[in-house]
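Q: I'd like a close look at the salt bridges here, please. Take your time and connect them to their surroundings.

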Amino acid sequence: MADARPFHWEFTPDPVTREVFRIEGGVPLRGEVPISGSKNAALKMLAAATLTGERCRFTNVPEIEDVRVMAETLRDLGVVVDHPEQNVYEVASGDVEWLFVPLEAAAKMRASFMLLGPLLSRFGRVIISNPGGDRIGRRPVDLHVESMRTLGATIEYRNGYYFATAPGRLRGTEVRFPFVSVMGTENAMLAATLADGHTVIRPSAQEPEVDDLIEFLRKMGADVERTYPDTIEVQGKRRLRGADHHVIPDRIEAGTFAIAGAVTGGRVTLTGAPCEHMTAFLEVLDRTGVDAQCDADRITVDGSALRDGGFRAVDIATAPYPGLATDIQPPTCVLLTQARGVSHVHEAIFEDRLEWLTELNAMGARIDIPDNHHAAIHGQTPLRGTEAEIGDLRAGASLILAALAADGESTIHGAHHVKRGYENIERKFADLGARIARLEEGTTSTTS
Ligand code: UD1
């Protein structure tokens with residue numbers, strides 16, 4: 001095993017190509033849109049593939065920037081990552097050369113921290129940068145780090161890097177989290193698959209993406225089971241093998257397109273949509289009066305109630321799964337601007353995930369934001385096209401939704417945030433009839 005690379009003291013981020021979305025709103029969207037594979041499942045599987053030296057093959061991987069960053073990060077470690085065709089990735093981690101995840105990777109994507117558990121467990125050491133990710137408030141990794149310590153690792157934090165070692169194997173034990181963390185659960189679970197002995201993780205996250213990861217790990221030969229809804233148990237193995245896996249569909253992308261159909265007063269069918277993972281969201285649609293019909297893996301959303309007097313105001317609160325996903329809260333706020341009455345929003349997971357609502361107010365919405373976790377949306381308000389700046393992934397998708405619903409033209413800056421998590425979003429919207437284009441800053445053409 002080669003020594004870890006010396007780490008960089010100075011970091012200059014890659015220059016991002018400045019692109020904008022140019023949108024002419026007011027067109028009811030109609031037609032079918034295919035739902036891509038789940039970002040939050042695919043990223044963890046790519047990381048989990050480093051638990052074995054054998055080849056792993058993933059299908060239905062979304063073609064998004066975060067996946068590209070994870071693939072590049074793995075290649076920098078010496079992992080062979082092939083991308084033989086669209087939506088297919090193959091990962092072979094036989095010759096990992098560098099047990100070092102640099103700031104360059106971590107600053108681009110928080111999920112780079114998912115390499116802590118598998119690399120530490122398989123190789124006994126790793127140096128990994130404190131992650132960045134979306135600007136949606138303080139997002140610490142203390143739960144991840146503490147869980148590794150509980151499993152027997154020694155971890156020091158110096159100059160922005162975690163230096164983690166576990167001579168011999170990690171030891172199976174009880175990992176108790178003070179509250180539910182999705183990636184915290186996943187990191188502990190990945191580490192435990194190669195630990196010596198039995199690990200119990202609770203409370204563990206119940207998100208469908210965690211269960212998809214469990215299914216993949218079992219194909220690798222791991223002994224992992226969700227024994228109670230909030231408990232995952234792992235019997236460590238000495239080795240895992242390569243496996244193939246088809247990633248589940250992205251419930252957040254599906255929710256985003258469902259709202260697009262509703263707020264434009266159109267009719268959109270989502271194909272390959274994970275109805276069974278979207279219960280809390282579909283309940284919100286139902287309460288607002290948006291008609292959504294699930295049929296196997298298709299959801300048809302009819303927003304004609306918009307023209308027949310608007311939707312109904314509802315109160316929503318985000319929660320860990322099976323509650324309403326925090327990632328679908330920003331798009332849902334756009335829907336609630338088109339509902340009659342006052343809707344109260346409680347964002348319970350992240351701080352600062354309501355800040356972008358000021359951009360929505362600039363488009364004509366009437367939203368009070370008394371504190372970091374609460375908003376009151378006074379509807380129904382017509383939205384008008386504007387110039388806005390995207391601050392993070394989900395706010396970005398939501399600004400696109402608002403622009404699609406608005407009268408007139410919008411220019412939405414910071415398209416790169418959206419490319420992190422949505423495959424070909426402008427093409428998918430254009431295929432539904434939207435007048436949308438992604439252009440380099442300064443370009444004037446509005447063709448899609
Ligand atoms: C994951 C998802 C993200 C989603 C979030 C909540 C991925 C790649 N990202 O993020 O899209 O919005 O779940 O569903 O899967 N926390 C700590 N210490 C920690 C870890 C988390 O205090 O060590 C806090 C967070 O700040 C947050 C809460 O725990 O307030 C829940 O966050 P968590 O479930 O860990 O989110 P992620 O796994 O980062």
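**Salt bridges and their surroundings**

A: D431 is exposed, with a relative accessible area of 52% (exposed means over 50%, buried under 20%, partly exposed in between, using a 1.4 Å probe and protein chains only). Before going on: this is a predicted model, where local features need pLDDT of at least 70 and side-chain atom pairs count only at pLDDT 80 or more, while totals for chains, interfaces and linings use all residues. Residues are numbered from 1 along each chain as its sequence is written, and side-chain values use heavy atoms, with hydrogens and water left out.

D431 pairs with R427 in a salt bridge whose closest N and O atoms are 3.3 Å apart (a side-chain nitrogen of Lys or Arg within 4 Å of a carboxyl oxygen of Asp or Glu). R427 is partly exposed at 39% relative accessibility. Both residues belong to helix α14 (residues 425–431), and since they are four residues apart, about one helical turn separates them. Helices here are DSSP runs of H or I with at least four residues, strands are E runs of at least two, and both are numbered from the N terminus. That spacing suits the geometry: an α-helix has 3.6 residues a turn, so residues three or four places apart point the same way.

Helix α5 (residues 142–150) has its own version, with R149 and E146 three residues apart, again about one turn. Their closest N and O atoms are 2.7 Å apart. R149 comes out partly exposed at 35%, and E146 is partly exposed too, at 41%.

Now for a pair off the helices: E174 and R202 form a salt bridge with closest N and O atoms 3.4 Å apart. This one links distant parts of the chain, from E174 in strand β10 (residues 174–176) to R202 in strand β11 (residues 198–202), 28 residues apart. Both ends are partly exposed, E174 with a relative accessible area of 35% and R202 with 26%.

Back to R427 for a moment: it counts as partly exposed at 39%. Elsewhere, salt bridges that share partners join E19, K419, E426 and R438 into one network. The overall count by this rule is 25 salt bridges.

One last bit of context is an open sheet of four strands with mixed pairing, in the order β23-β24-β1-β25 (two strands pair if DSSP finds at least two bridges between them). β23 (387–389) and β25 (435–440) are at the edges with a single partner strand each, so one side of each lacks a neighbour in the sheet.
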